[in-house]
Amino acid sequence: MRTQDLLEPPHRLLRDLRTGAALKPDGRTFLPHARAVLVAARQAVESVQRETRPLRVDVLGSRLASTDLLRDFHRRHPELPLETVTLTGAHAAAQALIDGEIDAAFVHLREPVRDIDPRLDDAPAFLEALEIVVGERHPLAGATSVDLTDLTSYKAWMPGIVEGSEWADFYRELADEFGLTIDPTGPDFGIEPLLDVISESRSLVTYVGERTRIVWSPHQNLTRIPIVAPTPRYPWSLIWHSGNRHPGLRRLVAHTREHGPRTGLTPSWLPAPSRAAFPR
């Protein structure tokens with residue numbers, strides 16, 4: 001393909017569709033090179049702006065443990081400008097790192113990050129214990145802790161589980177191994193409507209992470225109960241592009257490695273892909 005062809009109308013790269021456009025074979029060949037040029041141009045500009053540009057970190061959700069982890073870092077480094085984004089999962093975060101749109105992301109990895117892209121790196125960040133939430137009418141409402149075997153008789157309703165996501169795989173493996181029933185169906189109207197349903201139910205539970213921030217109204221009369229024997233733990237990792245030279249990123253990585261998961265936790269369950277990467 002000649003350079004001058006690319007300067008003409010993009011008839012060789014795109015195919016018109018009724019709903020927009022699709023890449024032709026030449027377009028698919030051209031796309032990664034175009035992205036590389038854009039990333040290089042962005043990095044060239046940012047090379048003289050890094051001291052003032054905020055460190056951009058994907059936290060997946062503002063209520064999640066990942067936001068708390070970043071808040072812990074900010075308390076220790078209040079002088080460092082931060083900007084949070086909420087992407088849709090590990091692969092979206094990895095692509096954003098490759099494209100230079102973010103500097104780091106907190107995710108659950110279903111595969112080694114270098115299998116996604118050899119330019120990416122990671123560090124274990126946090127093993128988040130799961131809890132259940134039940135209403136006052138539920139038979140488990142008075143318990144101070146529950147075993148996983150206690151939960152086989154009750155359906156967990158979790159309409160926020162997105163099919164194909166890493167958290168969907170986490171809960172699917174947990175359910176399969178311990179004979180749990182986890183129902184992801186139904187419209188996801190957010191945490192507040194979900195808690196309304198749980199507060200009225202005598203049979204439903206829902207799962208949350210220990211550092212998931214939820215607030216309920218007094219009339220809901222809900223209880224959070226830790227799960228033990230073993231405790232399921234959601235494994236959070238920090239991932240970043242190994243070529244990123246933002247000074248704040250080096251400090252975030254160092255902080256994560258210093259304050260990451262420790263050995264000696266109570267008996268825990270992790271999904272199979274995480275068992276080698278996280279201390280037990």
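The exercises below concern helix 3 and several salt bridges in a predicted model.

**Exercise 1. Compare the expected span of helix 3 with the distance between its end C-alpha atoms.**

Step 1. Helix 3 covers residues 65-76, which makes 12 residues. Step 2. The expected span is 1.5 Å times one less than the number of residues, and for helix 3 this comes to 16 Å. Step 3. In the model the end C-alpha atoms of helix 3 lie 17 Å apart, which agrees with the expectation.

**Exercise 2. Establish which residues of helix 3 are buried, and which elements they pack against.**

Step 1. The buried residues in helix 3 are A65, S66, T67, D68, L69, L70, D72 and F73. Step 2. The partners of these buried residues include the strands 3 (55-58), 4 (82-85), 5 (104-107), 6 (120-135) and 12 (231-241). Step 3. Helix 8 (247-259) is also among the elements against which the buried residues of helix 3 pack.

**Exercise 3. Describe the salt bridge between R71 and D68, and classify each partner as buried, partly exposed or exposed.**

Step 1. The side chains of R71 and D68 form a salt bridge with an N to O distance of 2.2 Å. Step 2. Both residues belong to helix 3 and are three residues apart, about one turn of the helix. Step 3. An α-helix has 3.6 residues a turn, so residues three or four places apart point the same way. Step 4. Because buried means under 20% relative accessible area, D68 counts as buried at 9%, whereas R71, at 28%, counts as partly exposed.

**Exercise 4. Carry out the corresponding analysis for the pair D121 and R114.**

Step 1. The closest N and O atoms of the salt bridge between D121 and R114 are 2.7 Å apart. Step 2. D121 has a relative accessible area of 17% and is therefore buried, while R114, with 46%, is partly exposed.

**Exercise 5. Locate the salt bridge between R224 and E131 in the chain, and then identify the network that contains D68 and R71.**

Step 1. The side chains of R224 and E131 meet in a salt bridge at 2.9 Å, N to O. Step 2. This pair links distant parts of the chain, since R224 lies in strand 11 (residues 222-228) and E131 in strand 6, 93 residues apart. Step 3. R224 has 24% relative accessibility and counts as partly exposed, whereas E131, at 14%, counts as buried. Step 4. Turning to the network, salt bridges with shared partners join D68 and R71 to D72, R75, R211 and R213. Step 5. Across the whole structure, the search finds 18 salt bridges.

Notes
Residues numbered from 1 in each chain as written. Predicted model: local features only at pLDDT ≥ 70, side-chain atom pairs only at ≥ 80, totals over all residues. Heavy atoms only, no water. Helix = DSSP H or I, 4+ residues; strand = E, 2+ residues; numbered from the N terminus. Buried < 20%, exposed > 50% of the residue type's maximum accessible area, 1.4 Å probe, protein only. Contact = heavy atoms within 4.5 Å. Salt bridge = Lys/Arg side-chain N within 4 Å of Asp/Glu carboxyl O.
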